[in-house]
Each structure stands twice: as C-alpha cells, then as structure tokens.
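I kept a short notebook while going through this structure. Here are my entries, in the order I looked things up.

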Amino acid sequence: SRKGCKESYDCESLKTIWETQRTWCNRNHTNFEQGYCDLATSLEAKWDSYYHCYDTNFNALYEEEYTQMAQLPGREQEWRALLRIDCLLGALTSSDATKALQASIDTEYTHKDWAHLELKYPTYDASFTPRAHCTEELQEPGTSIFSQTWYTSKSRSYGAHAFLLIPKSLSTYGCVSGISSHYCPRVSDATALLTVSKKVSPGHRSKAKHVQHPVRAKTH
C-alpha cells in the first residue's frame, strides 16, 4: 500500500517495491483466470463440434427419409406386380387352369399384402434422440459474480476490502464474451463491480445449420 507516502516524501524505493509486487500479483491472477478462459473456450468448441455433427447427421437422415418415402409407392406397385405374377404362374400349373386363372384375375391386393415394405421415419414420428444442450453456466472474469464465486471462502471471511485488491483491468477480463459461439448459458452480472478491459461483441451461435424437426405427410 502507498498509504502515508505523501508527495513531499522520497518514496521511490517503496513505490518500486509496490509496483513489483503488484506486477507479480497481477501475473498470478492472470494465470489463474486464464485457466478458466481456456476451459470456457474449450467447452464452447466441443459443443460447436457436437452441434455440427448432430445437425449434419440429422440432415442426412432427413434427406434419406425423404428419398425412401418418395420411392415407397413404386416399391409397393412392384411388389403387387410380383404377387400377381406369382399367382398367375401358380394358376398355370393348376389342374383347373381356367378356374385358377380367373381366381387370380379376381384377386385384389391391398396395403396389408406389402405392409412389410413400410419403414419407420424417426424425424416424422419424433422417435430420434433429441439434441442435447449445454447447461454449464459460464461466468465472466472481471465481474462481481465471478469474484464472489472464486475469490471468497465459506470457511473464512476476507471482508469487503479484499475485493479492492482485485485489479481493475486484466487481459482475461472479457474472455468469455469474446468467444464467438454461445452454446452455454452466461451468468448475468447486472451490477459488475469491476470493469472490462476491452469491449467485445456479444457471442453468437455457430453458423452451422440448426434443423427444425419437420412434420411431413406420409406418402402411400
């Protein structure tokens, strides 16, 4: 502290000691918070990879379902034709071919005859695994909520003056807001006691295409 070091005193040596100690403290403080910044960045990156993977595969599933639904009517007609051919071939080998042929001609085929061709469409009936979401709350270094969480002890009270020792500006302040993606919730701090050393634009979600679950009419 520089308390009692008036301008008329020769305090250069004390000032040097104070500045050296402050530099050392700030460096340790920065190193501690940088670990949190790195963790937050890594967490957001992993969630970005997960969202991209999920959306890519969801899109692939959606497109494949659409293709199979479009092809289903043709497959049903092909199966109906195979059933009729089988029936006609059986009639030709019958002892009474004329009667058997007429019976084959009169036979009607319905959806029940090719029910096994029906496929299940997860995106249609919502039976797919839903996309997970990050629930880890991230705090911003340099705000009161961060300081109250990480710089207080349940077993010991440091007093209000302890927060006065926290630097007003460090390179770690604003690191969470500076992350481009925003998958994990941020803890709000409406009354920040500390200032942010640099202004950064709010995070935004990844540009990866987030697919809304479709509702489609089945084709028969």
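I started with tryptophan 79 and found it in helix 1, which covers residues 12–92. A reminder before reading on: this is a predicted model.

Next I asked: is tryptophan 79 buried, partly exposed or exposed? Its relative accessibility is 31%, so I noted it as partly exposed; the buried class ends at 20% and the exposed class begins over 50%.

Then I looked for company on the surface. Trp79 belongs to a nonpolar patch with Leu82, Ile85, Leu89 and Leu92. Together these residues have about 490 Å² of accessible area. I jotted down a helper for reading such spacing: an α-helix has 3.6 residues a turn, so residues three or four places apart point the same way.

I checked the length of helix 1. With 81 residues at 1.5 Å each, the expected span is 120 Å, and the C-alpha atoms at its ends lie 116 Å apart, so the two agree.

Where does helix 1 bend? I found a bend of about 35° at leucine 72, with proline 73 following within four residues.

Last, I stepped back to the whole protein chain. I counted four helices and zero strands, running α-α-α-α from the N terminus. Of its 220 residues, 26% are buried. The chain exposes about 15400 Å², and 57% of that comes from carbon and sulfur atoms. I also looked at contacts between residues at least 6 apart in sequence: 79% of them join residues at least 24 apart.

Key
Residues numbered from 1 in each chain as written. Predicted model: local features only at pLDDT ≥ 70, side-chain atom pairs only at ≥ 80, totals over all residues. Heavy atoms only, no water. Patch = residues over 30% accessible without salt bridge, like charges linked within 9 Å, V, L, I, M, F, W, Y side chains within 5 Å. Areas by Shrake-Rupley, 256 points an atom, 1.4 Å probe, with all protein chains shown as cover. Salt bridge = Lys/Arg side-chain N within 4 Å of Asp/Glu carboxyl O. Helix = DSSP H or I, 4+ residues; strand = E, 2+ residues; numbered from the N terminus. Buried < 20%, exposed > 50% of the residue type's maximum accessible area, 1.4 Å probe, protein only. Contact = heavy atoms within 4.5 Å. Expected span 1.5 Å × (residues − 1). Bend = angle between axes of the 7 residues up to and from the residue.
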